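Biologist: I have this one open in the viewer. Can we go through it before I look any closer?

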Amino acid sequence: MHGGRGSIIIVLVAFAMLLTQSVFSRVLAPYPFSPYLGLPFVFALGTAPGVRILRGAATAFAIGYLYDLFTGNPLGLHTFVFVVGYFTAWLVGYLLSFRGIAFEMVLTFVLTALLGGLVEVIRGFTPGGMAWSGVTMTIALFASAFATALVAPILFAVVRWIDPESERAPT
Amino acid sequence: MNYFQTIRDAAILLALVIIPAIFLRANLRDPSELSWLDRALFQVSGPVQYVAEWAADGVTSVIEDYAYLVDVKGDNDHLRAENDRLRREMRVLRDDTKRVHELESLLGLRERLATETMTARVIAKGISPSFRVVRIAVDQGEHAGLHAGMPVVANGGLVGQIRRVSGRFADVLLTIDPESRVDVVVGEGRARGRIEGLGERGRYRCRIQFDRADDQVSVGDEVFTSGLGKKFPASILIGYVSKINDQEFGLYQEGEVTPSVDFTRLDEVLILTSGPKDSDAL
């Protein structure tokens with residue numbers, strides 16, 4: 001499949017998962033175990049050897065923008081965080097050579113916790129932003145990161161299935 | 001990849017990070033403190049954002065409506081099941097209430113009857129092709145000390161008598177059966193006579209034959225057991241005179257009696273188990 005078309009499908013799948021999660025959130029993932037279903041797609045693109053960095057960043061941008069649009073967050077919040085997440089995953093993928101389910105889960109857990117923290121820090125600057133206690137926020141972040149890490153291998157596999165070219169290193 | 005492409009890609013990548021950061025910065029600022037750059041950004045992005053949000057709202061509302069409808073369907077199923085259960089319970093309660101009323105009536109009747117009685121439940125009804133009850137069976141029999149000939153009464157009056165007993169059950173000979181004969185007194189004038197069932201399959205009727213042709217009786221008069229022969233206690237209501245045949249000549253006067261008991265609605269009856277004493281109950 002052509003890379004650009006694969007990216008569009010990945011964005012649509014991420015978008016569909018976001019909608020499904022928002023509609024059935026009570027059943028599928030009760031608080032605080034709400035996974036960030038968009039992030040594993042971004043990490044999968046970041047660590048895939050066959051995805052050009054420009055395409056991966058643009059896809060992360062699009063997924064983040066849809067998150068902002070549909071979650072009612074300040075415009076740019078998830079767009080920024082998802083693009084940053086993509087570059088971080090790309091860097092990790094560049095520095096580390098091993099792959100596999102354990103890698104996908106650990107990477108997702110660590111990066112989701114960090115990026116979730118970044119989202120909360122940015123929200124802290126919002127006028128009248130949330131004033132959560134540190135303990136509550138930490139529990140929510142780690143629970144969300146844990147839930148995201150659990151589903152990450154499936155979403156990584158979805159990206160590989162949609163875009164098989166992503167696994168092939170450029171010659 | 002040549003040098004210019006590398007520069008272009010780097011610029012795009014930088015833009016992908018910087019653009020959301022700028023928008024984010026503008027969105028996080030207090031609206032009263034916006035700079036000219038922030039205002040320009042909003043001017044440019046406003047229409048795009050408006051269209052995007054309009055589309056997003058549309059998609060979200062469609063999906064939420066669908067989820068809502070799914071919930072409504074679930075709620076409907078639940079409510080329907082709940083409704084069925086409550087209807088069933090209400091039916092059972094209605095039946096229980098009806099039975100309690102019948103038992104209360106029978107209890108009152110038992111107290112009024114100066115004789116020993118036994119309550120029995122109707123467990124079978126023989127129905128004619130025209131949906132009339134032609135025979136009934138009750139759930140008391142030989143083991144309860146019943147024997148043929150014992151009178152059977154209900155709240156409405158005389159039902160009949162035990163025809164035969166077998167084990168735990170007994171058949172009742174109804175007053176409307178052609179084999180049934182009961183000595184009676186009629187109306188204020190205490191005209192004497194006897195009734196026998198007509199055995200008609202389409203209606204509940206008995207034939208009444210008065211002892212004297214000149215007895216003063218009229219349609220609507222109450223018909224009671226006479227107590228003659230000690231088979232039935234005296235003064236148990238049997239029914240009402242519904243017809244008197246014009247008979248200018250002859251020894252007897254005849255007519256028809258409509259039983260006071262509604263045989264179709266019989267659920268509980270009283271069986272008079274001891275011989276009749278002095279009864280002016282009904």
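Modeller: One term before we start: helices and strands here are DSSP runs, at least four residues of H or I for a helix and at least two of E for a strand, and they are numbered from the N terminus. Also, this is a predicted model.

Biologist: Fine. What ipTM and pTM does the predictor give the complex?

Modeller: The ipTM is 0.74 and the pTM is 0.49.

Biologist: And what does the pLDDT of chain B average?

Modeller: It averages 82 in chain B, and 90% of the residues score at least 70. Residues 276-282 of chain B are below 50, though that stretch still has 24 contacts in the model beyond near neighbours in sequence.

Biologist: OK, chain A. How many helices and strands?

Modeller: Seven helices and zero strands. Along the sequence of chain A that reads α-α-α-α-α-α-α.

Biologist: What share of chain A is buried?

Modeller: Of its 171 residues, 42% count as buried. As for contacts in chain A with a separation of 6 or more, 75% come from residues 24 or more positions apart.

Biologist: Is helix 3 of chain A covered or not?

Modeller: Mostly covered: helix 3 spans residues 39-47, and nine of its nine residues are buried. Among them are A:Phe41, A:Phe43 and A:Leu45, along with A:Gly46 and A:Thr47.

Biologist: Switch to chain B. How many helices and strands there?

Modeller: Two helices and twelve strands. In sequence order the two helices of chain B precede the strands, as α-α-β-β-β-β-β-β-β-β-β-β-β-β.

Biologist: And buried residues in chain B, what percentage?

Modeller: They make up 26% of the 282 residues. Of the chain B contacts between residues at least 6 apart in sequence, 56% join residues at least 24 apart.

Biologist: What do the strands of chain B build?

Modeller: Six of them form a closed barrel in the order 6-7-8-11-10-9, with antiparallel pairing. From one strand to the next the twist averages 40°.

Biologist: Take strands 8 and 11 of chain B. Over how many bridges do they pair?

Modeller: Strand 8, residues 206-210, and strand 11, residues 253-259, pair over five bridges in the antiparallel sense. One of the residue pairs to look up is B:Phe210, whose bridge partner in strand 11 of chain B is B:Gln253.

Biologist: Anything odd in the backbone? What is phi of B:Arg190?

Modeller: Near 50°, a positive value in a residue other than glycine. Most residues other than glycine have a negative phi. B:Arg190 is in the loop between strand 6 (181-186) and strand 7 (191-197) of chain B. B:Arg190 counts as exposed because it has 10 C-beta neighbours inside 10 Å, and the cut-off for exposed is 12 or fewer.

Biologist: And where is B:Ser235?

Modeller: In the loop between strand 9 (222-225) and strand 10 (237-244) of chain B. Phi of B:Ser235 is also positive, near 70°. B:Ser235 has 16 C-beta neighbours inside 10 Å, so this residue counts as partly exposed.

Biologist: Last topic, the interface. How many residues come from each chain?

Modeller: Chain A gives 21 residues to the contact and chain B gives 20. On the chain A side, the elements that give two or more residues are helix 1 (3-23), helix 4 (53-71) and helix 5 (77-95). Helix 4 of chain A gives the most, with seven residues.

Biologist: How do the residues on that side of chain A divide, nonpolar, polar and charged?

Modeller: 18 nonpolar, three polar and no charged.

Technical notes: Residues are numbered from 1 along each chain as its sequence is written. Chains are lettered from A and ligands numbered from 1 in the order in which they are written. This is a predicted model: local features need pLDDT of at least 70, side-chain atom pairs count only at pLDDT 80 or more; totals for chains, interfaces and linings use all residues. Two residues are in contact if their C-beta atoms, placed from the backbone, lie within 7 Å. Ala, Val, Leu, Ile, Met, Phe, Trp, Tyr, Cys and Pro count as nonpolar, Asp, Glu, Lys and Arg as charged, and the others, Gly among them, as polar. A residue is buried if 20 or more other C-beta atoms lie within 10 Å of its own, exposed if 12 or fewer, and partly exposed in between; C-beta atoms are placed from the backbone. Two strands pair if DSSP finds at least two bridges between them. Axes are lines fitted to C-alpha atoms, for helices over the stretch in contact, and angles run from 0 to 180 degrees between N-to-C directions. pLDDT is the predictor's confidence in each residue, from 0 to 100.
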